[in-house]
Structures are given as C-alpha cells and as structure tokens.
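Good morning, and thank you for the time on today's agenda. I should like to take you through one structure, from the overall chain down to individual residues.

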Amino acid sequence: RDRFSNDPIPFNIFETLEAAMTMIEAKATQNKVSLIGNIDKQLTSAVIGDEPKIRQVLINLLSNAIKFTSDGAITVSITMANEETELLFIVEDTGLGIADHIKSHVFKPFWTIEEDKTAIGAGTGLGLNICHQMIDIMGGHIEFSSTVNVGTKFTFGIPVEKTNISPQRKYEYGQTNNPLFKGIILLAEDNKINQQLMTRILEKRGISVDVVDNGKQAVDQVQEKQYDLVFMDISMPIMDGIEATKILRKSYDQIQLPIIALTAHAGQDKAGEYLDTGMNAVMNKPIDGSALNLILGQWLSSSTQDIVSPSDESSIADIPFELIDTVAAEKLIADIGISVYQDIASMFEAECRKSIDKITTEYNDLDFDNVGKTAHAILSSARSLGVEKLGQHLKKLELAAMDANTGDMNVLISTLEQLNE
C-alpha cells in the first residue's frame with residue numbers, strides 16, 4: 001500500500017465506521033459520552049475508495065473529539081453527495097469547542113491547544129494535520145465549524161464509486177487465523193525475551209523485522225533504511241521511545257513513518273501523552289494478536305504468500321516453566337505455535353534464574369532502586385509469555401522496592417529464591 005497516493009479498493013462503510021468507533025469506546029465510557037453512528041439508508045454498503053486512509057481520518061477525528069467531550073455525545077453521519085460521487089462524513093461533538101482566534105491553526109503540524117481552565121487534557125497534536133494530508137491525497141475536502149462550550153463539527157468529503165463488488169474482509173478482531181502482510185518493520189525494544197517474542201509474532205504474519213535495543217539506535221536505523229512501520233517501546237535505556245519519536249518527527253510525519261508505541265503503562269492519560277508526541281497509536285503489552293492485526297492492517301499491504309510453519313506435536317504440558325497461566329499461554333501458542341513458545345520459554349527460564357540471583361545480590365547491597373528495575377524487566381517478559389502469577393509477584397516486589405519496604409522485599413525475594421532452587 002502506497003501511503004502517498006490514493007489506493008482505492010472496494011470496502012464496506014459500515015465495517016469501517018464500526019472499526020473506527022471501537023478505538024474510542026473505552027474512553028467514551030469513561031467520559032460518559034454516547035457514540036452515535038448514522039449512515040444514510042440509501043447508501044450502498046459497498047463503495048470503492050481508499051479505506052485505510054478514510055478509517056484513519058475517522059479515528060483521528062474521533063480521538064480528537066473524545067479528548068474535549070464529557071457528559072455528551074459524538075455523532076458520525078455518513079451520506080452520499082454530489083450525485084452519488086462523493087462520500088460525505090460529518091463528525092460532530094458536544095464538547096468544549098474551539099475559540100475563534102485559534103481556528104486558523106488547527107490544521108497546522110505540531111499545533112496543540114494549551115491546557116487551561118477551558119480545555120481538558122492534551123491538544124490535537126498531529127491528528128488534524130494528518131487528516132488534512134490524507135484527505136488531500138484522496139482528492140477530498142475538509143471543513144469545520146465550532147462554538148465554544150457548544151461543540152465542534154468536522155465535515156469531509158471523499159470521491160468514491162459505488163460498486164456491486166463484494167468487499168474482501170482481510171481481517172477482523174478475534175479471527176483465529178492470522179492475516180499475512182507485506183512490509184519491513186523496525187522493532188525498538190530493549191528486553192531480549194520481548195524482542196524474540198515480537199519478532200516471531202510479526203514473522204508469522206509474513207513481515208520482515210529489524211531489531212534495535214534503544215531509541216538512539218532506532219533514530220540511526222531509520223536514517224539508514226526505509227521502514228513501513230516502527231514499533232517503539234516507551235521505556236528503554238540511553239534514549240526512550242518518546243524522545244526518539246520527537247526526533248524522528250522532525251524529519252518524518254505520521255504518513256511517512258507510522259510509529260506505534262509499545263508499553264505496559266498505557267492508561268488513558270499516558271496513551272494521550274504518547275499520541276501527542278507524534279505516535280500514531282498505542283499497543284499494550286502483552287501484545288494481543290487481534291489488536292495487532294488491526295494495527296498492521298492500517299499501514300501494511302496484504303500478502304498472499306505462503307508461510308511454512310513446522311508442525312507442532314507437543315502440548316502445553318511440555319513447557320519447561322511453572323506458574324504459567326494456561327489460558328493466556330494457549331492464546332499465545334495459537335498465534336506463534338508451541339515449538340516457538342517452548343524455545344522462548346526456555347530462554348526466559350534461564351534469564352529468570354540469573355535475574356533472581358541478581359535481585360538477591362542487589363537487595364543484600366541495599367541497592368533497592370536496581371531491585372525494582374530488575375524485577376520490572378523480568379515481569380515484562382513473564383506477562384508477555386503468560387506467566388502471570390510470577391508477573392504479579394514481581395510487580396509487588398517492584399512496588400516494595402520503590403517504597404524501600406524491606407519487610408515486604410525480604411518475604412517476596414525469599415519466595416523467588418525458593419522458585420530458583
């Protein structure tokens with residue numbers, strides 16, 4: 001898929017609207033906002049247009065609307081216009097609105113509304129500028145009107161063709177067989193277990209993966225090689241994902257280089273912070289395969305190549321590690337195969353034993369800061385592999401170390417040492 005040209009395909013507008021609205025459902029519930037979708041009954045479900053770009057525009061507009069709306073409603077209306085040659089979208093909210101003196105700035109890159117007594121949360125970041133760029137590429141138009149303390153209405157139109165061709169559904173949330181994609185991805189992640197796991201997950205989907213250990217290496221690598229997508233861990237040594245993204249955004253916008261945040265700390269406030277640095281989306285760790293498919297589908301082309309996977313004759317009972325959450329592990333095994341899972345689980349077991357010895361030494365040296373850091377590193381791997389009970393135990397140890405609670409640390413480390421015997 002060429003992100004810099006119009007790439008029309010047959011698609012189902014009902015499914016596109018549903019996918020976009022799903023992205024903000026959790027935040028809408030939190031803000032007590034009703035989400036309303038109105039599609040003209042005369043509109044055929046199948047049209048030809050650049051569906052991924054249309055969906056991204058809708059997601060950006062809805063994400064912006066939910067930031068500034070509470071105890072209200074966001075409505076998306078879709079109709080055919082201009083003698084049925086244009087798909088017309090109206091995204092309307094009952095939020096704070098935009099003051100007259102800043103209306104001329106909303107489509108400028110990197111512009112944000114500064115937080116004050118009349119604004120809630122972060123600004124619009126790159127979202128509206130990216131909407132404008134994508135709509136220009138598709139040959140469309142976008143306008144808006146807004147009244148402070150009443151709400152904002154964005155209207156955009158995209159040239160499309162009606163069709164009787166049935167759209168091909170490439171992927172959907174929850175499907176058991178993974179779709180295949182074409183592309184080269186850069187993974188910036190400092191945890192070796194997570195590196196292995198994420199690489200295997202992506203390779204199972206037909207994707208080539210390069211791996212770097214920190215944000216500085218990510219910046220350097222992007223300047224050396226062209227990537228279709230970057231997965232950027234937030235917490236890394238030398239340079240974290242936020243700083244790396246800020247540097248990359250000076251040279252590449254969100255269309256030229258999509259960047260997806262990887263984090264175990266993606267609450268709504270944090271997610272908004274990451275998006276406002278210029279990241280396109282946020283993915284929680286452990287990675288959910290269905291959510292990953294949706295992200296990949298926005299930025300990569302589909303592939304029909306055959307991926308040959310070795311047959312698996314083992315069972316989960318053969319995995320060489322205790323405390324595994326069977327449900328979580330089986331979900332991951334269904335994605336990558338049990339042989340791959342066993343290999344990575346064995347690596348984790350060896351790394352975990354070394355880390356437990358390291359924690360004991362750090363505790364005896366009263367180096368509580370590093371006790372917490374080492375515990376955090378292991379728990380990230382544990383949760384990614386579905387070793388949830390150990391992950392919960394390590395989380396308690398991390399918090400105890402942060403509070404310098406020697407009593408709790410002593411008990412928790414003693415339990416870890418028993419596991420290590």
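I shall begin with the chain as a whole, then turn to a pair of helices, and then to several single residues.

Please keep in mind throughout that this is a predicted model. The chain has 421 residues, and 51% of them are buried. Its secondary structure consists of 14 helices and 15 strands. If we take the contacts with a sequence separation of 6 or more, 70% of them are between residues 24 or more positions apart. As for the surface, the accessible area of the chain is about 19,800 Å², and carbon and sulfur atoms contribute 49% of that.

Let me now turn to the helix pair. In general, two packed helices are described by the angle between their axes and the distance between the axes. Here the pair is helix H1, residues 13-22, and helix H3, residues 51-67; their axes come within 9 Å and cross at roughly 35 degrees. The crossing of H1 and H3 is right-handed. Which residues make the contact? On the side of H1 they are Thr16, Ala19, Ala20 and Met21, and on the side of H3 they are Glu51, Ile54, Arg55, Leu58, Ile59 and Leu62. Sorted by class, this contact of H1 with H3 comprises 7 nonpolar residues, 1 polar residue and 2 charged residues.

Just after H1 we reach Met23, in the loop between H1 and helix H2, which spans 25-30. Met23 is partly exposed, with a relative accessibility of 44%. Its C-alpha atom is 8.1 Å from that of Ser63, although these positions lie 40 residues apart in sequence numbering.

I move next to strands S6 and S7 and the loop that joins them. Thr147 belongs to strand S6, residues 141-147, and Thr152 belongs to strand S7, residues 151-159. Are these two threonines buried or exposed? Thr152 has a relative accessible area of 7%, under the 20% limit, and therefore counts as buried. Thr147, at 46%, falls between the 20% and 50% limits and therefore counts as partly exposed.

Their surroundings can be described as well. Beyond its neighbours within four places in sequence, Thr152 is in contact with Val91, Glu92, Asp93, Gly97, Ile98, Phe144, Ser145 and Ser146. With Ser146 there is also a polar contact between the side chains, at 2.7 Å. Thr147, with residues up to four places away again set aside, touches Leu96 and Gly97. The C-alpha atoms of Thr147 and Gly97 are 5.2 Å apart, while the two residues are separated by 50 positions along the chain.

Within the loop between S6 and S7 we find Asn149. Asn149 has a positive phi, near 65 degrees, and is a residue other than glycine. Asn149 is exposed, with a relative accessible area of 61%. Asp71 is another such case: it is not a glycine, and its phi is positive, at about 50 degrees. Asp71 sits in the loop between H3 and strand S4, residues 73-81, and is exposed, at 61% relative accessibility.

For background, most residues other than glycine have a negative phi, and most peptide bonds are trans. Where does the chain have a cis peptide bond? The bond from Lys285 to Pro286 is cis, with omega near 0 degrees. Pro286 is placed in the loop between strand S14, 281-284, and helix H9, 289-299.

Two further residues complete the tour. Thr85 lies in the loop between S4 and strand S5, 86-93, and is partly exposed at 43% relative accessibility. A polar atom of the Thr85 side chain is 2.7 Å from the backbone oxygen of Asn82. Outside its neighbours within four places in sequence, Thr85 contacts Met80, Ile158, Pro159 and Val160. From Thr85 to Val160 the C-alpha separation is 5.6 Å, across 75 residues of the chain.

Finally, Lys270 is part of helix H8, residues 268-276. Lys270 is partly exposed, at 40% relative accessibility. Its C-alpha atom lies 9.5 Å from that of Val282, a residue 12 positions away in sequence.

That concludes the presentation, and I thank you for your attention.

Technical notes:
Residues are numbered from 1 along each chain as its sequence is written. This is a predicted model: local features need pLDDT of at least 70, side-chain atom pairs count only at pLDDT 80 or more; totals for chains, interfaces and linings use all residues. Side-chain values use heavy atoms; hydrogens and water are left out. Helices (H or I, at least four residues) and strands (E, at least two) are DSSP runs, numbered from the N terminus. Buried means under 20% relative accessible area, exposed over 50%, partly exposed in between (1.4 Å probe, protein chains only). Contact means heavy atoms within 4.5 Å. Accessible areas come from the Shrake-Rupley method with a 1.4 Å probe; for residues, only the protein chains shown count as cover. Axes are lines fitted to C-alpha atoms, for helices over the stretch in contact, and angles run from 0 to 180 degrees between N-to-C directions. A crossing is left-handed if the near helix is turned anticlockwise from the far one by less than a right angle, and right-handed if clockwise. Ala, Val, Leu, Ile, Met, Phe, Trp, Tyr, Cys and Pro count as nonpolar, Asp, Glu, Lys and Arg as charged, and the others, Gly among them, as polar. A polar contact is a pair of N or O atoms within 3.5 Å; within protein, one must be able to donate a hydrogen and the other to accept it, and residues adjacent in sequence count only if both atoms are side-chain atoms.
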